[in-house]
Amino acid sequence: MDIPVVRSLVKLACRPSLAFSLLVLMLTLFIAPRPSHAQAPASASAPEAQTSAAPAWAQPGSATHNQVAPPTDFHRPSKNFNTPIGIFDGQSDIGGALVPGSASYDAATRQYTINSAGYNIWYTRDEFRFLWKKLSGDVSLAADVSFPDPNGYNDRKAVLIIRQNLDDDAKEILVGLHGTGMIQLAQRPEKNLLINDIEFRMGGRGLPGGASPNSFGNVMPKRIGLEKRGDAFALFVSVEGEPMHQFGPPIQLHLDEPFYVGIGFCSHLPDKVDTAVLSNVVLENSAGKVH
């Protein structure tokens with residue numbers, strides 16, 4: 001078992017109010033109206049980018065291939081659009097994925113639909129579609145997450161993220177929900193360094209859809225949240241619609257002000273687009289408002 005997860009469990013155990021969260025973690029570890037805002041237009045260089053082949057290191061992991069970190073000197077410029085969408089002031093294709101991303105917002109359903117390719121949000125650089133707002137001070141950010149296509153790559157991830165800037169290797173902190181239901185609180189502590197994280201995997205037996213009452217199944221949390229309180233960042237989760245509660249300890253990171261706060265998605269496929277829907281988004285410029 002990873003040491004950070006063990007420490008997280010110990011701290012959780014000291015909080016009776018989180019007994020449900022601890023039980024779920026222990027089980028796992030041990031056994032439509034038209035959108036009111038259109039997507040940002042693709043940049044003029046997009047058609048040329050699409051003709052570039054994805055390098056071998058960017059291909060997703062499989063039975064015959066391991067995804068590895070990009071070369072230390074590999075970077076692509078992000079493509080930024082000052083195009084407001086919902087509560088956000090702009091959008092970016094961080095890291096300039098080979099296929100341009102897009103996004104739309106439906107005010108009636110309060111849903112952001114994000115379409116993105118991108119090899120990963122990990123290692124020393126990222127590729128994903130990012131909807132952002134520039135802020136300073138404390139932050140509360142939360143959203144319901146769903147993946148419309150049940151057959152997407154298992155490590156695709158929707159994120160709530162706070163970044164120092166829009167570079168592909170920016171210092172950042174994020175909460176990510178993966179296609180298999182794994183949640184992470186992750187940070188890149190400095191520009192162009194490897195990301196590190198605390199991970200939570202949840203599941204149980206006797207769940208609907210199992211082959212038998214004893215079949216083990218993954219649990220996909222309904223809602224995730226990220227709180228910035230000074231230099232402390234904490235993960236919040238609602239598993240089945242219950243009130244949001246903190247998972248694990250906060251992690252420390254200092255960001256200069258202002259910084260970029262928002263939501264994003266990465267298909268985990270360098271040249272293929274997938275979709276995530278983030279809805280009922282809460283973004284408050286203060287701590288203690290995650291719900």
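Buried residues account for 53% of the 291 residues in the chain of this predicted model. The accessible surface of the chain amounts to about 12700 Å², and carbon and sulfur atoms contribute 54% of that area. In terms of secondary structure, the chain holds 3 helices and 19 strands.

Eight of the strands are worth following one by one. An open sheet of 8 strands runs in the order S1-S2-S7-S18-S9-S10-S11-S12, and its pairing is antiparallel. At its edges lie strand S1 (79–81) and strand S12 (196–200), each of which pairs on one side only. From one strand to the next, the twist averages 20°.

A convenient way into this sheet is from the S1 edge. S1 pairs with S2 in the antiparallel sense, and 3 bridges connect the two. Within this pairing, Phe81 is set opposite Gln91 of S2. Strand S2 covers residues 90–94, and its antiparallel pairing with S7 extends over 5 bridges. Moving on through the sheet order, S7 also pairs in the antiparallel sense with strand S18 (residues 259–266), this time over 7 bridges.

Strand S7 deserves a closer look. S7 spans residues 128–135, and 6 of its 8 residues are buried, so the strand is largely enclosed by the rest of the structure. Arg129 illustrates how S7 is held between its two partner strands in the sheet order. Towards S2, Arg129 of S7 stands opposite Asp93; in S18, the bridge partner of Arg129 is Phe265.

Asp93 brings several of these elements together. This residue lies in strand S2, and its relative accessible area is 5%; because the cut-off for a buried residue is under 20%, Asp93 counts as buried. Leaving aside residues up to four places away in sequence, Asp93 touches Ser78, Lys79, Phe81, Pro100, Gly101, Phe128 and Arg129. Arg129 therefore appears in two roles for Asp93, as the residue standing opposite in S7 and as one of the residues in contact, in a strand that is largely enclosed because 6 of its 8 residues are buried. Phe81, another of the residues that Asp93 touches, itself stands opposite Gln91 in S2. As a general point, side chains in a regular strand alternate between the two faces of the sheet.

Technical notes: Residues numbered from 1 in each chain as written. Predicted model: local features only at pLDDT ≥ 70, side-chain atom pairs only at ≥ 80, totals over all residues. Heavy atoms only, no water. Helix = DSSP H or I, 4+ residues; strand = E, 2+ residues; numbered from the N terminus. Buried < 20%, exposed > 50% of the residue type's maximum accessible area, 1.4 Å probe, protein only. Areas by Shrake-Rupley, 256 points an atom, 1.4 Å probe, with all protein chains shown as cover. Pairing = 2+ DSSP bridges. Axes fitted to C-alpha atoms, helices over the stretch in contact; angles between N-to-C directions. Contact = heavy atoms within 4.5 Å.
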